[in-house]
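Reader: Hi! Could you walk me through this model while I have it open?

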Amino acid sequence: MTTATLSRPTGPSRVTRVWSLASAETRLFLRNRTALVNSVVVPVLFVLAVPALGIGGGDLPFGPRLMVIAVGISLVMLTYYNLVTTYVARREELVLQRMRTGELTGTEVQIATAVPTVLVTLGQIAIIAVGVVAIGEWSAPADVLLPLVALVGGVVLMVLLAAATTGFTRTAESAQITGLPFIILSTGLSGLFYPLSALPETLGEVARFLPLSPVVELLQLGLAGRTWQGDAVDGSVWAAAGVPLAVLAGWLVLGTLAARRGFAWAPRR
C-alpha cells in the first residue's frame, strides 16, 4: 500500500509581500506631485540655505558640516514628518485596516508604507554627498562605519517615532501641529545649527539626550573626528562614541515600545 503525501500550498514569503506593497506605495508616492515636491525640493533648499546663511557646525569643515545638516534635516523634515502624514492618511482612508485583513502583518504594513520615504531620504542624502564632492569640499571621514551607523539608526528611529505620533494625530492635516514640537526641539537642540557647547552647560548636557542629538554627534565624530563640544578626537573616534551610541540605542528601544502601543490602525473619532 502506498500513501500519497499532499503538499500544502505556501503563500508568498514575507519579503515578497513587503516588496509588493512597497512597490505599490512607491508608485502612489511618485504620482503625487505635491508630496514629491515637498519631500524632495523643500528639504534640499533648506539644507543649502543653512550653510549659505553661515549657520551651524561650529568648527566643522564645510563638507562635513553640510553632510551633517543634510542628514539631520532629511531625517526630521522628510522621514519623520512625511511618514506621520502618510500613516495617518492611509489610516483615515481605511487602507491600513484593509491591508491587515490579508496575509500582511502589522509590521509588514508599516515597513512597506515607509519604504518610499526612506528611499527618497537616502537618495537625497546621496545627491548632496555627490554635490559636496563636485564642489571639492569632500574630505576623508575619520571613520567610515560610524556615519553609516548613525544614518541607519536615525532612519529607523524616525520611522518608529512617526508611527508612535499617529496615536495622537487625528488627520493628515493636523500632523503639522502634532509633529511641530518634535521638529523644533530636534532641530533646535541637536547641534545641527550650532554646537551644543554654545548652550548653557546644563542645557547642553540635557540636549545630548534628545532623539536627534546622538545621530548628529555620531555623524560629527565619524565625518570630522569632532566631539559634541567641538574638540578633535585623538585616536579612534569609537572611544568617544559610547554615550551617543547608548543614547541612540535607548531611543530605539523606547521608539519600538511607543510605536507598538501608540500606532493607531483605525480612524480616531
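Author: Happy to; we can go from the overall picture to single residues.

Author: This is a predicted model, where local features need pLDDT of at least 70, side-chain atom pairs count only at pLDDT 80 or more, and totals for chains, interfaces and linings use all residues. Residues are numbered from 1 along each chain as its sequence is written, and side-chain values use heavy atoms, with hydrogens and water left out.

Reader: Good to know. What is the mean pLDDT of the protein chain?

Author: The mean is 82, and 79% of the residues reach 70 or more. pLDDT is the predictor's confidence in each residue, from 0 to 100.

Reader: And where is confidence lowest, and where highest?

Author: Helix H2 (residues 33-52) is lowest with a mean of 65, while H6 is highest with 96. Helices here are DSSP runs of H or I with at least four residues, strands are E runs of at least two, and both are numbered from the N terminus. Also watch residues 1-9, where pLDDT stays under 50 and the model has 0 contacts beyond four places in sequence. A contact means heavy atoms within 4.5 Å. Where pLDDT is low, the predicted coordinates should not be read in detail.

Reader: Noted! How many helices and strands does the protein chain have?

Author: There are 11 helices and 0 strands. Of the 269 residues, 48% count as buried, meaning under 20% relative accessible area, with exposed being over 50% and partly exposed in between (1.4 Å probe, protein chains only).

Reader: What share of the contacts join residues at least 24 apart?

Author: Among contacts between residues at least 6 apart in sequence, it is 80%.

Reader: Nice. Now H6: how many residues does it have, and how far does it reach?

Author: Helix H6 (residues 145-165) has 21 residues and reaches 30 Å from first C-alpha to last, close to the 30 Å expected at 1.5 Å a residue. The expected span is 1.5 Å times one less than the number of residues. In H6, 16 of the 21 residues are buried, so the helix is largely enclosed by the rest of the structure.

Reader: Is Gly154 in there buried or exposed?

Author: Gly154 is buried, at 0% relative accessibility. Not counting residues up to four places away in sequence, Gly154 touches Leu75 and Val215. Its C-alpha is 8.8 Å from that of Pro214, although the two are 60 residues apart along the chain.

Reader: So what about H10, where do its buried residues pack?

Author: They pack against helix H3 (62-92), H6, helix H9 (201-207) and helix H11 (242-262). H10 is mostly covered, with 11 of its 12 residues buried; Pro214 and Val215 are among them. Just after H10, Gly225 takes a positive phi of about 65°.

Reader: Switching topic: how many aromatic pairs are there?

Author: The count is 3, where rings of Phe, Tyr and Trp (its six-membered ring) pair if their centres lie within 6.5 Å; planes under 30 degrees apart count as stacked, over 60 as edge-to-face and the rest as tilted. The rings of Tyr80 and Phe182 have centres 4.4 Å apart and planes at 45°, so this pair is tilted. The pair links distant parts of the chain, as Tyr80 in helix H3 and Phe182 in helix H8 are 102 residues apart. Tyr80 is buried at 2% relative accessibility, and Phe182 is buried at 14%.

Reader: How are Phe263 and Trp265 arranged?

Author: Their pair is edge-to-face, 4.6 Å centre to centre with 70° between the planes. Both Phe263 and Trp265 are buried, and ring pairs link them with Tyr87 into a cluster.

Reader: Back to H8 for a moment. What lies 2.8 Å from a polar atom of the side chain of Ser186?

Author: That is the backbone oxygen of Phe182. Ser186 lies in helix H8 (residues 180-188) and is buried, with a relative accessible area of 2%. Leaving aside neighbours within four places in sequence, Ser186 is in contact with Val76 and Leu212.

Reader: Last one: which residues is Ile125 in contact with?

Author: Beyond neighbours within four places in sequence, Ile125 is in contact with Met67, Ala70, Val71, Ser74 and Leu151. Ile125 sits in helix H5 (residues 106-134) and is buried at 7% relative accessibility. Its C-alpha is 7.5 Å from that of Ser74, with their places 51 residues apart in sequence counted as separation.

Conventions
A polar contact is a pair of N or O atoms within 3.5 Å; within protein, one must be able to donate a hydrogen and the other to accept it, and residues adjacent in sequence count only if both atoms are side-chain atoms.
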